[in-house]
Amino acid sequence: PAIAPASASVVPAPASGTPPGTGEDVRVSPVARRLAQSLGVDLSRVVGTGRNGRVSKEDVENHVARLQAQGAGPRPVAGATLAPTTSGNPVTSIRMSALRSSIARRLLESKRTIPHYRLSIDVDIGRLRSRREALAASTGQKITLNDMLVRAAALALVKHPNVNSQFDGEEILQYEHADISVAVATETGLVTPIVRGADLLSIADISRATAELAQKAKAGTLVREDITGGTFTISNLGMFGVSQFDAIINPPQVAILAVGAASERVVARNGAPALTWMMTLTLSADHRVIDGAVGAAFLATLRDLLESAEEL
């Protein structure tokens with residue numbers, strides 16, 4: 001259920017969608033029709049989630065992403081190696097896949113229309129690492145720092161509903177539970193499968209859910225329900241040794257968390273140098289919905305949860 005501000009009405013979550021019809025009886029927005037034509041999408045196969053089954057641009061993009069994830073959409077096609085250019089450097093032309101084109105379009109729209117601002121915070125994860133080892137030993141399953149980040153972020157989100165929101169251009173939808181999108185890189189592009197109700201799950205449950213979703217993403221078997229409707233996104237490049245980076249918001253969400261690598265650093269404690277494990281987190285937020293102080297308060301809550309590790 002969505003909780004709207006006092007000045008707004010409560011908007012029910014969209015229905016599961018209208019079954020695909022035949023071309024003429026499908027209600028389609030003009031923007032969605034143009035996009036479908038440019039991508040060669042059969043609109044009669046697109047499930048509309050708008051009022052009375054109306055098909056939106058997002059529905060077309062989600063349809064293309066689902067086909068691509070299932071291996072049914074066009075794949076990147078490598079062209080023949082061209083003759084050397086004037087610089088003498090041979091070039092190969094690679095056609096963009098439908099998924100890659102959709103990603104490019106959405107990210108460009110996000111950068112153009114959303115007033116991003118970014119806040120970074122350093123987190124001492126010494127206790128978190130110890131807690132991870134204890135959980136792995138007690139559950140007998142692999143527990144990653146990212147699993148623990150998903151759990152901590154979910155708990156922080158329910159305490160800061162402004163951040164656990166979507167913005168449709170007219171209304172802010174604040175959600176009761178945290179449906180966290182986890183960015184997964186695949187050969188055909190970046191996908192963001194969703195851990196539903198992460199605030200209600202244990203870390204062991206989150207670990208199983210993220211592992212299953214990552215496997216489906218790489219196998220190309222994600223379905224529309226796996227990638228639609230998240231309230232917040234986590235993008236982790238720490239495994240590549242990236243210490244800090246900025247991420248682009250995935251609309252209609254209003255924030256995304258970029259996670260850097262865990263590394264040993266020298267810090268000051270009680271006036272003396274000490275060695276501990278640290279991690280840098282960067283929040284990209286939509287200033288139309290999240291004020292700077294609200295974003296900072298969310299990060300402070302998240303840091304407290306990660307550094308104490310007591311609720312994880």
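In which hand does H5 pass H6? In this predicted model, H5 passes H6 in a right-handed crossing, and the legends below take up that helix pair together with several other close-up views.

**Figure 1. The crossing of helices H5 and H6 in the predicted model.** The axes of H5 and helix H6, the latter spanning residues 203-219, come within 9 Å of each other and cross at roughly 115°. On the H5 side the contact is made by Asp147, Met148, Val150 and Arg151, and on the H6 side by Ile203, Ile206, Ser207 and Thr210. The crossing itself is right-handed.

**Figure 2. The crossing of helices H5 and H8.** Helix H8 covers residues 292-308, and its axis comes within 9 Å of the axis of H5, the two crossing at roughly 135°. Because an angle over 115 degrees but not over 145 falls outside the perpendicular and antiparallel ranges, H5 and H8 are oblique to each other. This crossing, too, is right-handed. H5 contributes Met148, Leu149, Ala152, Ala153, Leu155, Ala156, Leu157 and Lys159 to the contact, while H8 contributes Phe298, Thr301, Leu302, Leu305 and Leu306.

**Figure 3. The largest nonpolar core and a second core apart from it.** The largest nonpolar core holds 54 residues, of which Ile180, Phe232, Leu257, Leu281, Phe298, Leu302 and Leu306 touch the most other members. Helix H5, made up of residues 145-159, gives the most to this core, with 10 residues. Apart from the largest core lies another one of 11 residues, and Ala36, Val46, Val55 and Ala98 are among its members. In soluble globular proteins, nonpolar side chains tend to be buried together. In the protein chain shown here, which has 312 residues, buried residues make up 44%.

**Figure 4. The surroundings of Leu306.** When residues up to four places away in sequence are not counted, Leu306 touches Val123, Asp124, Leu128, Met148, Leu149, Ala152, Leu281 and Leu312. Leu306 is also one of the H8 residues in the contact with H5, and it is listed with the core residues that touch the most other members.

**Figure 5. Asn164, a buried residue in a loop.** Asn164 is found in the loop between H5 and strand S5, the strand of residues 165-167. The relative accessible area of Asn164 is 0%, which lies under the 20% cut-off, so this asparagine counts as buried. A polar atom of the Asn164 side chain lies 3.1 Å from the backbone oxygen of His177. Leaving aside neighbours within four places in sequence, Asn164 is in contact with Leu157, Leu173, Gln174, Tyr175, Glu176, His177, Ala178 and Thr231.

**Figure 6. Leu173 in strand S6 and its distance to Gln253.** Leu173 is found in strand S6, which covers residues 172-175, and at 12% relative accessibility it counts as buried. The C-alpha atoms of Leu173 and Gln253 are separated by 9.6 Å, although the two residues are 80 residues apart along the chain. Across the protein chain, of the contacts between residues at least 6 apart in sequence, 63% join residues at least 24 apart.

**Figure 7. The loop between strands S11 and S12, with Leu237 and a cis peptide bond.** This loop runs between strand S11 (232-236) and strand S12 (255-259), and Pro252 has its place there. Pro252 is joined to Pro251 by a cis peptide bond, with omega about 10°. Leu237 is found in the loop between S11 and S12 as well, and at 29% relative accessibility it counts as partly exposed. Neighbours within four places in sequence aside, Leu237 is in contact with Val242, Phe245 and Val259; from Leu237 to Val259 the separation is 22 residues in sequence and 6.3 Å in space, C-alpha to C-alpha.

**Figure 8. Two asparagines with positive phi, Asn52 and Asn270.** Asn52 is found in the loop between helix H1 (30-39) and helix H2 (57-69), and its phi is near 60°, a positive value in a residue other than glycine. With a relative accessible area of 62%, Asn52 is exposed. Asn270 lies in the loop between strand S13 (263-269) and strand S14 (272-286), and it has a positive phi of about 55° although it is not a glycine. At 86% relative accessibility, Asn270 likewise counts as exposed.

Technical notes. Residues numbered from 1 in each chain as written. Predicted model: local features only at pLDDT ≥ 70, side-chain atom pairs only at ≥ 80, totals over all residues. Heavy atoms only, no water. Core = buried A, V, L, I, M, F, W, Y, C linked by side-chain atoms within 4.5 Å. Buried < 20%, exposed > 50% of the residue type's maximum accessible area, 1.4 Å probe, protein only. Helix = DSSP H or I, 4+ residues; strand = E, 2+ residues; numbered from the N terminus. Contact = heavy atoms within 4.5 Å. Polar contact = N/O pair within 3.5 Å; in protein donor to acceptor, adjacent residues only side chain to side chain. Axes fitted to C-alpha atoms, helices over the stretch in contact; angles between N-to-C directions. Parallel < 35°, antiparallel > 145°, perpendicular 65-115°, else oblique. Left-handed = near helix turned anticlockwise from the far one by under 90°.
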